[in-house]
Amino acid sequence: MAQHGQIRDLFDEVEQAPPDKVGDAFDRLTRMLSVHETAEEEIVHPYARRKLDNGQGVVADRLTEENRAKRLLLDLHKSGVDHPQFWDGLAALRTAVFTHARSEERYEFVRLRARTSVVERRAMAAAVRAAESLAPTRPHPGTESAAKNLLMGPPLVVMDRARELIRKALGKR
């Protein structure tokens, strides 16, 4: 849940950035959203499926929301921060992400806290940190399951991080 606050702050950072810094701020937001959602998909959602009453339904709803947000984020990335519709798209993404975060907090996280021990939550937190360290840094709609993330994640991570290094070496965002 702390990361949801960081994501809110990153949206503010993008919106308040001077024009020449919007791209960098948007890249930070993209990285955080991509890594955060991957870790939830690999660790939190599978656990919620098993532990919660109607866990399958709760997680299915969250995955639908995540897919929508990933598609919006990918569209924004493809068109770029200089596109005339960037700010409208960012507002739509903000709404989608905040709605998703509220739903996770209300229907998944609170219920998981009530159904798990401190030891389980600590183990899950450690697993989330490990998953984040290996997560893709760009949105990849269609990978909203632990199996797809584990299968497709490693090559996507290599591609995403190689793209970042190449762009950095070329002096691009």
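A residue counts as exposed when its relative accessible area is over 50%. Asn 54 has a relative accessible area of 56%, so it falls in the exposed class. This residue is found in the loop between H2 and H3, and its phi angle is near 55°, which is a positive value in a residue other than glycine. All of this comes from a predicted model.

Now for the overall layout. The protein chain has 6 helices and 0 strands, so there is a simple pattern to read off: from the N terminus on, the elements run α-α-α-α-α-α. The chain has 173 residues, and 46% of them count as buried.

How do the helices sit against one another? Start with H1, which covers residues 2–16, and H2: their axes come within 9 Å and cross at roughly 160°. An angle over 145 degrees counts as roughly antiparallel, and H1 and H2 are therefore roughly antiparallel to each other. Their crossing is left-handed.

Moving along the chain, H2 (residues 22–51) packs with H3 at an angle of about 165°, and the two axes are 11 Å apart. H2 and H3 are therefore roughly antiparallel to each other. H2 passes H3 in a left-handed crossing.

Then there is H3, residues 55–79, with H4, residues 86–115. The axes of these two helices come within 9 Å and cross at roughly 160°, which makes H3 roughly antiparallel to H4. H3 passes H4 in a left-handed crossing. As for what the contact of H3 with H4 is made of, sorting its residues by class gives 13 nonpolar, 3 polar and 7 charged ones.

Next come the aromatic rings. A search of the whole structure turns up 3 aromatic pairs. In one of them, the rings of Phe 26 and Phe 86 have their centres 5.2 Å apart and their planes at 90°, so this pair is edge-to-face. The pair ties together distant parts of the chain, since Phe 26 belongs to helix H2 and Phe 86 to helix H4, 60 residues apart. Are these two residues buried or exposed? Both Phe 26 and Phe 86 are buried.

Phe 86 also pairs with Trp 87. Here the ring centres are 5.0 Å apart and the planes stand at 80°, so this pair is edge-to-face too. Put together, the ring pairs link Phe 26, Phe 86 and Trp 87 into a cluster. Within that cluster, Phe 86 has a relative accessible area of 0%, so it counts as buried. Trp 87 has a relative accessible area of 39%, so it counts as partly exposed.

Another ring has a charge for company. The charged end of Arg 8 sits over the ring of Phe 98, 5.7 Å from the ring centre.

A few residue pairs show how the fold brings together parts of the chain that are separated in sequence. Take Phe 11, which has its place in helix H1. At 0% relative accessibility, Phe 11 counts as buried. Phe 11 and Leu 93 are 82 residues apart in sequence, yet their C-alpha atoms are 9.5 Å apart in space.

Thr 95, in helix H4, gives another example. Its relative accessibility is 51%, so Thr 95 counts as exposed. Thr 95 and Ala 69 are 26 residues apart in sequence and 9.2 Å apart in space, going from C-alpha to C-alpha.

The last example involves helix H5, which spans residues 118–133 and contains Ala 126. With a relative accessibility of 38%, Ala 126 counts as partly exposed. Along the chain, Ala 126 and Ile 43 are 83 residues apart, while 9.9 Å separates their C-alpha atoms.

Methods. Residues are numbered from 1 along each chain as its sequence is written. This is a predicted model: local features need pLDDT of at least 70, side-chain atom pairs count only at pLDDT 80 or more; totals for chains, interfaces and linings use all residues. Side-chain values use heavy atoms; hydrogens and water are left out. Axes are lines fitted to C-alpha atoms, for helices over the stretch in contact, and angles run from 0 to 180 degrees between N-to-C directions. Helices (H or I, at least four residues) and strands (E, at least two) are DSSP runs, numbered from the N terminus. Angles under 35 degrees count as roughly parallel, over 145 as roughly antiparallel, 65 to 115 as roughly perpendicular and the rest as oblique. A crossing is left-handed if the near helix is turned anticlockwise from the far one by less than a right angle, and right-handed if clockwise. Ala, Val, Leu, Ile, Met, Phe, Trp, Tyr, Cys and Pro count as nonpolar, Asp, Glu, Lys and Arg as charged, and the others, Gly among them, as polar. Rings of Phe, Tyr and Trp (its six-membered ring) pair if their centres lie within 6.5 Å; planes under 30 degrees apart count as stacked, over 60 as edge-to-face and the rest as tilted. Buried means under 20% relative accessible area, exposed over 50%, partly exposed in between (1.4 Å probe, protein chains only). A charge sits over a ring if NZ of Lys or CZ of Arg is within 6 Å of the ring centre and within 35 degrees of the ring normal.
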